[in-house]
Amino acid sequence: MEDRDVCAQIGSALRQLRQGKRLNVTQLASISGVSSGMISRVENGQVSPSLATLDALAQGLNVQLMSLFAHTSNSSDIYYVPEGEGLNARRISPSHAHEFVLLGKHADANGIFSSASVVIRREELGKPPQYQHEGYVFNYIVSGQATYACGAETFELSKGVSISFDAKLPHGFVEIHSEEVHMLTVSTRPV
């Protein structure tokens, strides 16, 4: 009975990933080299597919093999970060640098979620980078003042102000008005 449950969970994950990539069974069969019939049987939990079959399907979907096993475990990761802690990091590019503390990150077949505490100092801003990607972003200003761009519009940010948007819009800081700006940022991205 347990094997059937695992097969059903893998099949469900495969179907979600395939549909998320907007592929029909025939298209995935063509890309992965796995027959349409086998894909249908896997998705319906009717077979226990080999690792080679699952690997071919994962490669066809351009996801990690583990994505197909994401819902087969009854365990889940929880990140508890006490005040003032987290994973300290520094992002450096040719024209910009800033510090951030990763507060949490989760990824599964449905996408990637991350949250961070970011400090950007005016003296290190240089030419501010613009970002653009799939998913959504939420920024909350803890302290400082800055001008932030989303698409063709700019917004004045200060303590207590938040901004959330579709990350397909080009976005990023235009100017830091105070010595530094501290923000909490949360972002999601599809797999």
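Which residue stands opposite D166 in β7? In this predicted model, that residue is Y136. The pair belongs to the contact between β7 and strand β4, which spans residues 136–143. These two strands run antiparallel and are joined over five bridges.

The wider arrangement is an open sheet of six strands. Its order is β1-β2-β3-β9-β4-β7, and the pairing is antiparallel. The edges are taken by β1 (87–93) and β7 (162–166). Each edge strand has a single partner, so one of its sides is left without a neighbour in the sheet. From one strand to the next, the twist averages 25°. Strands of a sheet pair through backbone hydrogen bonds, either parallel or antiparallel.

Helix α2 covers residues 25–32. Its buried residues are V25, L28, A29 and S32. Viewed down the axis of α2, the buried residues fall within an arc of 105°, so they line one face of the helix. An α-helix has 3.6 residues a turn, so residues three or four places apart point the same way. T26 and S30 lie on the other side of α2 and are exposed; for this assignment, exposed means over 50% relative accessible area, whereas buried means under 20%.

Both ends of α2 carry local features. At the start of the helix, N24 contributes a side-chain oxygen, which comes to within 3.0 Å of the backbone nitrogen of T26. T26 is thus placed twice in this description: its backbone nitrogen faces the N24 contact, and the residue is exposed. After α2 comes G33. The phi of G33 is positive, near 80°.

Note on methods: Residues numbered from 1 in each chain as written. Predicted model: local features only at pLDDT ≥ 70, side-chain atom pairs only at ≥ 80, totals over all residues. Heavy atoms only, no water. Buried < 20%, exposed > 50% of the residue type's maximum accessible area, 1.4 Å probe, protein only. Helix = DSSP H or I, 4+ residues; strand = E, 2+ residues; numbered from the N terminus. Arc of directions from axis to C-beta. Polar contact = N/O pair within 3.5 Å; in protein donor to acceptor, adjacent residues only side chain to side chain. Pairing = 2+ DSSP bridges. Axes fitted to C-alpha atoms, helices over the stretch in contact; angles between N-to-C directions.
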